[in-house]
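Here is a friendly briefing to read with the model open beside you. Take a moment to turn the structure around before you start on the notes.

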Amino acid sequence: MELKLKRTTKTDNSTIGELYINGVYECFILEDKDRGLTSKMNLFEINQKKIFGKTAIPSGRYEIAITFSNRFKTYLPLLMSVTGYEGVRIHSGNKAEDTEGCLLPGSVKGIDRVFESKVAFNSLFKKLKAVEKKEKIFITIE
């Protein structure tokens, strides 16, 4: 399964993009501020620009695994091997303060916010769970 996140709206506080699954629009995604990080940068370069808890993950392609989150006490999608970041998950939330690099789905977007996050997350998670045992899941962030 291929997910694509197109970052479309960037402010001083957050980034909102559109998430597609195999080319079909799924929902909005709220992230921290995009500071121009890419997966081609090394850890030193990323750490020069990254502000902890206030920086979107580097653009690039990542595998997604569904694993147990000790923090949230449930199974959630985890982006694998994100340089300079640990525990990057997809989970519900509404504003940039709800994420530390994680991706927050929403059905409706506002300024620096998404709404109906639980609805959007549940729909997305159901689709990811349906294929996780049969095929790999990847997300490309651009």
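The notes below go through the sheet, its strand pairs, a few single residues and the pockets. Please keep in mind that this is a predicted model. At its heart for this briefing is an open sheet of seven strands with mixed pairing, and two pockets are described after it, with volumes of about 240 Å³ and about 160 Å³.

**The sheet as a whole**

- Reading across the sheet, you will meet the strands in the order β5-β4-β9-β1-β2-β3-β6.
- The edges are taken by β5 (74–79) and β6 (104–106); each has a single partner strand, so one side of each has no neighbour in the sheet.
- From one strand to the next, the twist averages 35°.

**Strand pairs to trace**

- β1 (residues 2–10) and β9 (residues 137–141) are parallel partners, paired over four bridges.
- Within this part of the sheet, Glu-2 sits opposite Phe-138 in β9.
- β9 also pairs with β4, here in the antiparallel sense, and five bridges join the two.
- A handy marker for that pairing is Tyr-62, which stands opposite Ile-139 in β9.
- β4 runs antiparallel to β5 as well, with six bridges between them.
- Two facing pairs help you find the register here: Ile-66 is opposite Pro-77 in β5, and Thr-67 is opposite Leu-76 in β5.
- β4 and β5 make a hairpin, with four residues between the two strands.

**Phe-138, a residue in β9**

- Phe-138 has its place in strand β9.
- Setting aside residues up to four places away in sequence, Phe-138 touches Met-1, Glu-2, Leu-3, Arg-61, Tyr-62 and Glu-63.
- One of these contacts, Glu-2, is also the residue that stands opposite Phe-138.
- Cys-102 is 36 residues from Phe-138 along the chain, and their C-alpha atoms are separated by 15 Å.

**Ile-90, a residue in a loop**

- Is Ile-90 buried or exposed? Its relative accessibility is 1%, so Ile-90 counts as buried, the cut-off being under 20%.
- Ile-90 belongs to the loop between β5 and β6.
- Leaving out residues up to four places away in sequence, the contacts of Ile-90 are Ile-64, Leu-76, Pro-77, Leu-79, Leu-103, Pro-105, Phe-121 and Leu-124.
- Leu-76 in that list is the residue of β5 that faces Thr-67, and Pro-77 is the one that faces Ile-66.
- Glu-18 lies 72 residues from Ile-90 in sequence, while the C-alpha to C-alpha distance between them is 14 Å.

**Two residues with positive phi**

- As background, most residues other than glycine have a negative phi.
- Lys-73 is not a glycine, yet its phi is positive, at about 60°.
- You can find Lys-73 in the loop between β4 (60–69) and β5, in the turn of the hairpin.
- With a relative accessibility of 60%, Lys-73 counts as exposed, because the cut-off for that class is over 50%.
- Asp-112 also has a positive phi of about 60° without being a glycine.
- Its setting is the loop between β7 (108–109) and β8 (114–115).
- Which class does Asp-112 fall into, buried or exposed? Asp-112 is buried, because its relative accessible area of 18% falls under the 20% cut-off.

**Pockets**

- The largest pocket has a volume of about 240 Å³.
- This pocket is lined by 16 residues, and the closest to its centre are Arg-71, Glu-86, Gly-87, Val-88 and Glu-100.
- By class, five nonpolar, six polar and five charged residues make up the lining of the largest pocket.
- The second largest pocket holds about 160 Å³ of space.
- Its lining consists of Asp-12, Asn-13, Asp-32, Lys-33, Arg-35, Gly-53, Lys-54, Ala-96, Glu-97, Thr-99 and Glu-100.
- How do the lining residues of the second largest pocket divide by class? One is nonpolar, three are polar and seven are charged.
- Glu-100 is worth picking out on your screen: it lines the second largest pocket and is among the residues closest to the centre of the largest pocket.

Notes. Residues are numbered from 1 along each chain as its sequence is written. This is a predicted model: local features need pLDDT of at least 70, side-chain atom pairs count only at pLDDT 80 or more; totals for chains, interfaces and linings use all residues. Side-chain values use heavy atoms; hydrogens and water are left out. Two strands pair if DSSP finds at least two bridges between them. Axes are lines fitted to C-alpha atoms, for helices over the stretch in contact, and angles run from 0 to 180 degrees between N-to-C directions. On a 1 Å grid over the protein atoms alone, a cavity is a set of points where a 1.4 Å probe fits but cannot get out, and a pocket is an open set with protein on both sides within 12 Å along at least five of seven lines; lining residues have an atom within 4 Å of a point. Grid points are joined across faces, edges and corners, and a volume is the space filled by probe spheres set on the points. Ala, Val, Leu, Ile, Met, Phe, Trp, Tyr, Cys and Pro count as nonpolar, Asp, Glu, Lys and Arg as charged, and the others, Gly among them, as polar. Buried means under 20% relative accessible area, exposed over 50%, partly exposed in between (1.4 Å probe, protein chains only). Contact means heavy atoms within 4.5 Å.
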